[in-house]
Amino acid sequence: MNWAEANAGWSWNPVTDIQHMWAFPFMVNAFRAGTVVAVLAAVIGWYMVLRKQSFAGHTLSVISFPGAACATLLGVSASLGYFAFCVGGALVIAAIPRSGHGGRSQESALTGTVQAFLLACGFLFVALYKGFLGGVNSLLFGSFLGITTTQVATLAVVAALALGVLALIGRPLLFASVDGGVAAARGVPVRILSVVFLVLLGAATAEASQITGTLLVFALLVMPAAAAQQLTARPALSLLASVLIAVLVTWCALIAAYYSPYPIGFYVTTFAFGVYALARTGRALAVIRPPVPRGPANTPVGHAPLGGTS
């Protein structure tokens with residue numbers, strides 16, 4: 001049985017369909033890699049949204065495309081190009097401090113400049129390597145085909161290292177993200193934390209780009225985190241919700257992409273947007289809900305306290 005026969009369609013028996021899908025090693029690897037990428041993107045993305053550095057994350061996702069294109073042009077692994085360009089771009093963005101007069105505007109200007117230049121370089125690399133044109137769509141919009149066990153292991157090692165570093169700096173980074181001025185006054189190395197975080201963001205972007213594609217990786221970085229922060233203001237619960245949403249979205253996207261001819265990046269973006277829209281709507285409804293009037297005993301009007309009479 002070939003893959004085209006196996007991909008005939010959804011039978012509405014979830015157990016059978018999943019067993020059928022997981023009979024292929026590349027799909028097992030896709031789920032493993034997707035889970036690793038989702039966890040890392042959700043955790044890093046949660047801090048990115050909190051720190052209001054979504055534009056930096058978007059830029060790093062865009063420049064992963066010229067990284068992969070350059071690597072292919074040079075005849076080396078595309079994964080190496082992803083990581084080299086994303087981490088290198090993160091270091092360039094980190095060269096401008098966010099604090100001080102005009103710090104944020106300078107960072108935004110530099111970020112936009114890096115994005116425009118490297119995106120143009122990416123299309124130049126595509127033009128220089130004629131045979132690369134057939135793979136542009138998968139680079140831009142993602143593909144779960146051809147994920148090897150070696151790639152899964154590489155993604156897992158990078159994710160473990162990145163999450164390990166983030167676990168060490170998580171508390172001071174949270175403090176610096178919420179109020180950088182007070183954190184600096186308390187002796188927190190805000191500048192060093194900012195640089196380290198951008199490098200971690202670059203690594204997470206390089207990982208996610210290999211699953212969702214370079215144009216849509218931003219969805220996995222920002223939407224689960226943004227939805228989670230709409231659901232709760234408690235950092236621990238919000239972070240956990242971000243991870244759960246990202247993993248669920250990735251799994252659903254892999255299943256949908258397997259049973260359809262469309263790229264996985266489209267489904268990741270669509271499902272993540274749907275979750276964010278629901279979370280945003282629920283938050284808005286909770287805000288506009290009128291409060292229940294309460295009487296002198298701090299109980300709702302028309303109701304007696306427990307044990308009392310009406």
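The bend at a residue is the angle between two axes, one fitted to the seven residues that end there and the other to the seven that start there. With that in hand, here are the close-up views, all drawn from a predicted model.

**View 1. Helix α8 is kinked at G170.** Helix α8 covers residues 149-178, and its kink of about 60 degrees lies shortly before the proline P172. G170 itself is among the buried residues of α8, and so are its neighbours in the view, I169 and L173. The rest of the buried set is V152, L155, A159, A162, L166, A176 and S177. If you are looking for what lies over these residues, the cover includes α3, α9 (180-185) and α10.

**View 2. The largest nonpolar core has 69 residues.** Which residues have the most contacts inside this core? They are I44, L166 and L201. Helix α3, residues 25-50, gives the most to the core, with 16 residues. L166 makes a handy centre for the picture: leaving aside residues up to four places away in sequence, L166 touches V43, I44, Y47, L173 and L200. A second core of six residues is separate from this one, and A69, C121, F125 and V126 are among its members. As general background, nonpolar side chains in soluble globular proteins tend to be buried together.

**View 3. Helices α10 and α11 pack with their axes 7 Å apart.** Helix α10 takes in residues 190-212 and helix α11 residues 217-231, and the angle between them is about 120 degrees. Angles of 65 to 115 degrees count as roughly perpendicular and those over 145 as roughly antiparallel, so α10 is oblique to α11. On the α10 side, the contact is made by L201, A204, T205, A208, S209 and T212. Helix α11 answers with V217, L220 and L221. Sorted by class, the contact has six nonpolar residues, three polar ones and no charged ones. One of the α10 residues in the contact, L201, also appeared in View 2 as a residue with the most contacts inside the largest core.

**View 4. K52 has a positive phi.** The phi of K52 is near 60 degrees, and K52 is not a glycine. In general, most residues other than glycine have a negative phi. Where does K52 sit? Its place is in the loop between α3 and α4 (54-74). K52 is exposed, with a relative accessible area of 66%.

**View 5. Q106 and F266 are two partly exposed helix residues.** Q106 belongs to helix α6, residues 103-128, and has a relative accessible area of 42%. Its C-alpha atom is 9.7 Å from that of I93, which is 13 residues away along the chain. F266 is found in helix α13, residues 264-288, and its relative accessibility is 44%. For F266 and A219, the C-alpha separation is 9.7 Å and the sequence separation is 47 residues.

**View 6. The whole protein has 13 helices and zero strands.** This last view steps back to set the close-ups in place. From the N terminus on, every element in the run is an α. Of the 310 residues, 44% count as buried. How far apart in sequence are the residues that contacts join? Among contacts between residues at least 6 apart in sequence, 74% join residues at least 24 apart.

Definitions and conventions. Residues are numbered from 1 along each chain as its sequence is written. This is a predicted model: local features need pLDDT of at least 70, side-chain atom pairs count only at pLDDT 80 or more; totals for chains, interfaces and linings use all residues. Side-chain values use heavy atoms; hydrogens and water are left out. A nonpolar core is a set of buried Ala, Val, Leu, Ile, Met, Phe, Trp, Tyr and Cys residues joined through side-chain atoms within 4.5 Å. Buried means under 20% relative accessible area, exposed over 50%, partly exposed in between (1.4 Å probe, protein chains only). Helices (H or I, at least four residues) and strands (E, at least two) are DSSP runs, numbered from the N terminus. Contact means heavy atoms within 4.5 Å. Axes are lines fitted to C-alpha atoms, for helices over the stretch in contact, and angles run from 0 to 180 degrees between N-to-C directions. Angles under 35 degrees count as roughly parallel, over 145 as roughly antiparallel, 65 to 115 as roughly perpendicular and the rest as oblique. Ala, Val, Leu, Ile, Met, Phe, Trp, Tyr, Cys and Pro count as nonpolar, Asp, Glu, Lys and Arg as charged, and the others, Gly among them, as polar.
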